[in-house]
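Visitor: I am new to reading protein structures, and I would like a close look at a single part. Please pick one residue, show me its surroundings, and then connect it to the rest of the chain.

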Amino acid sequence: MGVRLEATAPRHWSTSEVAQPQALAYWVDTVCDRFLDLEIETSARDRFHACLDQVDLGPATANFLDADTQRVRRTRAKIARLDAPMFMLMQLRAGAVRFQQCGHEVHLGPGDCVFIDGTEPYELESPASTRAMALRFPADWLRGWIAQPELHAGQLFTAVGWSSALCAAVANLEIGSCDRLALPAGAIADPIATLLKLAIGPEPEAVSQQPVLLDQLMRTLRARFHEADLSPSAVAAVHGICTRSVHYVFARARTTFVERLMELRLGRAHDMLSDPHLLDLPVAEVAVRCGFADPSHFARRFRRRFGQSPLQFRGSLTRPTH
């Protein structure tokens, strides 16, 4: 129920491969400490059984876990080892769980889901054997859907309203069927993030107006606007998110990827044509340096934005006055 493992193909770990009573030590050293970044206590020390299966679903990672009675904690020391911030959506499949994080305590029954902030300490206790599945989401990717996911740490989702749809969708994910999906595995994360957003509901107006990811995307656009083939998919790849998330972030800011990119390109072209040190630079070269592969397209866009063609604009600045 934690961070992504090193392998991209489905992996399996089980205490069944180790003789008792060494099984618990194996689980702690090989799985909890190395991969899940969790501390564990259990009353079943001499007969402990657990197994973990993991598979990547595009930006998300699904973790399927069966374990005996246990109490696990994510501590500040464990969090400090994370390569990148992440969030999780955990669904209990069998058993009962008490979960605590950020002052919230919830009790999960089979089918319930809880949202977990992987950058904050938490405690999870199961008095008997449990079976669960946890989807891990990179923080930057998830913020394309939810402006401040950390505000929802410890939120419980049950069979009510959109939460019911979310729990039902997650329940369909099984390790034995992830390689037989009707869609590519990478297409699964987006619908679940959509349902998670709907289950959470509207976010505060001030939060949704200032998404962290929008600032990060704009920094990339400012650094690469001169690339004629710059696309939403290329920018998405830089941030480890899907193309749909890029469009969603800009739409939430009441704009589009193309509008913001064109604004940067035309602004730079305006500055270059205004620069007296660049008077000998052909307009076609200005277009290329600002990311326009077609000079005529540049001229149309420039006229639409500034009311003059690039040549007219430059001429109006250099024409002598009497």
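**A close look at Gln-101**

Guide: Let's begin with Gln-101, which is buried: its relative accessible area is 2%, and the cut-off for buried is under 20%. Please keep in mind that this is a predicted model. Gln-101 belongs to strand β7, so let's look at that strand next.

Strand β7 covers residues 97–101, and it pairs with strand β8, residues 104–108, through five bridges in the antiparallel sense. Across from Gln-101, in β8, you will find His-104. The two strands form a hairpin with two residues between them, and in this hairpin Cys-102 takes a positive phi near 55°. If pairing is a new idea, here is the general picture: strands of a sheet pair through backbone hydrogen bonds, and they do so either parallel or antiparallel.

Now look around Gln-101. Leaving aside residues up to four places away in sequence, Gln-101 touches Phe-115, Ile-116, Asp-117, Glu-120, Pro-121, Tyr-122, Ala-153 and Gly-154. For two of these residues we can follow the side chain of Gln-101 to a backbone oxygen. A polar atom of that side chain lies 2.7 Å from the backbone oxygen of Asp-117, and a polar atom of the side chain lies 3.0 Å from the backbone oxygen of Glu-120. One further pair is worth finding on your screen: Gln-101 and Glu-123 are 22 residues apart in sequence, yet 6.7 Å apart in space, counted from C-alpha to C-alpha.

That last pair is a good reason to step back to the whole chain. It holds 13 helices and 12 strands. Of its 322 residues, 49% are buried. Among the contacts with a separation of 6 or more, 73% are between residues 24 or more positions apart.

Another glutamine makes a nice companion to our starting point. Gln-91 sits in strand β6, residues 86–94, and it counts as buried, at 1% relative accessibility. A polar atom of the side chain of Gln-91 lies 2.9 Å from the backbone oxygen of Cys-167, and a polar atom of that side chain lies 3.4 Å from the backbone nitrogen of Ala-171. Cys-167 and Ala-171 also appear among the residues that Gln-91 touches, together with Gly-111, Asp-112, Cys-113, Ala-132, Met-133 and Val-170, not counting residues up to four places away in sequence.

Strand β6 leads us to a sheet. This open sheet has seven strands, ordered β1-β3-β4-β11-β6-β9-β12, and their pairing is antiparallel. β1 (11–14) and β12 (156–157) stand at the edges; each has a single partner strand, so one side of each is left without a neighbour in the sheet.

Within the sheet, follow β4 to β11: seven bridges join β4 to β11, residues 130–138, and the two run antiparallel. One bridge pairs Ala-67 with Thr-130 in β11. β4 itself spans residues 60–67 and includes Asn-63. Asn-63 is buried, with a relative accessible area of 0%, and its side chain makes a polar contact of 2.6 Å with the side chain of Gln-54.

Two details of the backbone are also worth a visit. The peptide bond from Gln-20 to Pro-21 is cis, with omega near 5°; Pro-21 lies in the loop between β1 and α1 (23–36). Farther along, Arg-254 has a positive phi of about 60° although it is not a glycine. Arg-254 is placed in the loop between α9 (243–252) and α10. In contrast to the buried residues above, Arg-254 counts as exposed, at 69% relative accessibility.

α10 brings us to our last stop, the second largest pocket, which holds about 170 Å³ of space. Its lining consists of Glu-259, Met-262, Glu-263, Leu-266, Gly-267, Arg-301, Arg-304, Arg-305 and Phe-306. α10 (257–274) and α12 (295–306) each supply at least two residues of the lining, and α10 gives the largest share, five residues. By type, the lining residues divide into three nonpolar, one polar and five charged.

How values were computed: Residues numbered from 1 in each chain as written. Predicted model: local features only at pLDDT ≥ 70, side-chain atom pairs only at ≥ 80, totals over all residues. Heavy atoms only, no water. Helix = DSSP H or I, 4+ residues; strand = E, 2+ residues; numbered from the N terminus. Buried < 20%, exposed > 50% of the residue type's maximum accessible area, 1.4 Å probe, protein only. Polar contact = N/O pair within 3.5 Å; in protein donor to acceptor, adjacent residues only side chain to side chain. 1 Å grid on protein atoms, 1.4 Å probe; cavity = no way out; pocket = protein on both sides within 12 Å on 5 of 7 lines; lining within 4 Å. Points joined across faces, edges and corners; volume = space filled by probe spheres on them. Nonpolar A, V, L, I, M, F, W, Y, C, P; charged D, E, K, R; others polar. Pairing = 2+ DSSP bridges. Contact = heavy atoms within 4.5 Å.
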